[in-house]
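Me: Please take a close look at one part of this structure, the second largest pocket. What lines it, and which elements give residues to that lining?

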Amino acid sequence: MAAVARNLFESATGRGRVLRQGDLACIVMDGHGAVVVPTQDLVQVQKWAQSRPPSSNLLSDRARFLDQFQVLVSRPGSIQGTRGSSRPLERLVRTMLAAGYDLGEWTLPVEFRDLGKAKTADATAAASPTAQADSPTTPDPGTGAE
């Protein structure tokens with residue numbers, strides 16, 4: 001016999017996984033996508049959800065749980081879309097980038113889509129041998145060395 005969820009948190013995350021990675025938490029819901037939220041927000045929402053009774057509907061429990069987050073980034077096809085005001089959302093996206101997430105796999109507003117590309121392009125340009133060959137190495141005229 002299947003275990004019955006005792007609270008909203010257990011019901012919402014019962015057929016999924018909650019992965020905490022430092023300042024980020026990724027909530028993977030089997031068959032319903034995934035979202036990334038700040039770990040601090042997850043702790044607060046988890047406490048709230050543990051004090052609420054579950055309904056008999058898994059989808060409505062997940063929606064009620066995810067509605068409590070002010071900022072989240074979702075994968076395409078998730079039951080919740082990416083949301084949040086610009087500064088907290090940008091902070092979350094930059095934290096995802098620093099943690100090694102591929103931003104191309106996530107649904108992001110237009111202004112945040114190029115954050116990962118700009119950082120990758122800068123790193124590639126700095127590491128390429130042509131960038132080093134283009135910078136002339138001229139001796140200091142004051143030393144007399146040529």
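**The second largest pocket**

Reply: In this predicted model, the second largest pocket has a volume of about 190 Å³. Its lining consists of Asp-23, Leu-24, Pro-38, Gln-40, Asp-41, Val-71, Pro-88, Arg-91, Leu-92 and Thr-95. Two elements, α2 (39-50) and α4 (86-98), each give two or more residues to this lining. Of the elements, α4 gives the most, with 4 residues.

By residue class, the lining of the pocket holds 5 nonpolar, 2 polar and 3 charged residues. Leu-24, Pro-38, Val-71, Pro-88 and Leu-92 are the nonpolar part of the lining. The charged part is Asp-23, Asp-41 and Arg-91, while Gln-40 and Thr-95 are the polar part.

As for the setting of the pocket, the protein has 6 helices and 4 strands. Along the sequence these follow the pattern α-β-β-β-α-α-β-α-α-α. Of the 146 residues in the protein, 32% are buried. Taking contacts between residues at least 6 apart in sequence, 47% join residues at least 24 apart. The accessible surface of the protein is about 9100 Å², and carbon and sulfur atoms account for 52% of that area.

To return to the pocket, the element to start from is α4, which gives 4 residues to the lining; α2 is the other element that gives two or more.

Definitions and conventions:
Residues are numbered from 1 along each chain as its sequence is written. This is a predicted model: local features need pLDDT of at least 70, side-chain atom pairs count only at pLDDT 80 or more; totals for chains, interfaces and linings use all residues. Side-chain values use heavy atoms; hydrogens and water are left out. On a 1 Å grid over the protein atoms alone, a cavity is a set of points where a 1.4 Å probe fits but cannot get out, and a pocket is an open set with protein on both sides within 12 Å along at least five of seven lines; lining residues have an atom within 4 Å of a point. Grid points are joined across faces, edges and corners, and a volume is the space filled by probe spheres set on the points. Buried means under 20% relative accessible area, exposed over 50%, partly exposed in between (1.4 Å probe, protein chains only). Contact means heavy atoms within 4.5 Å. Accessible areas come from the Shrake-Rupley method with a 1.4 Å probe; for residues, only the protein chains shown count as cover.
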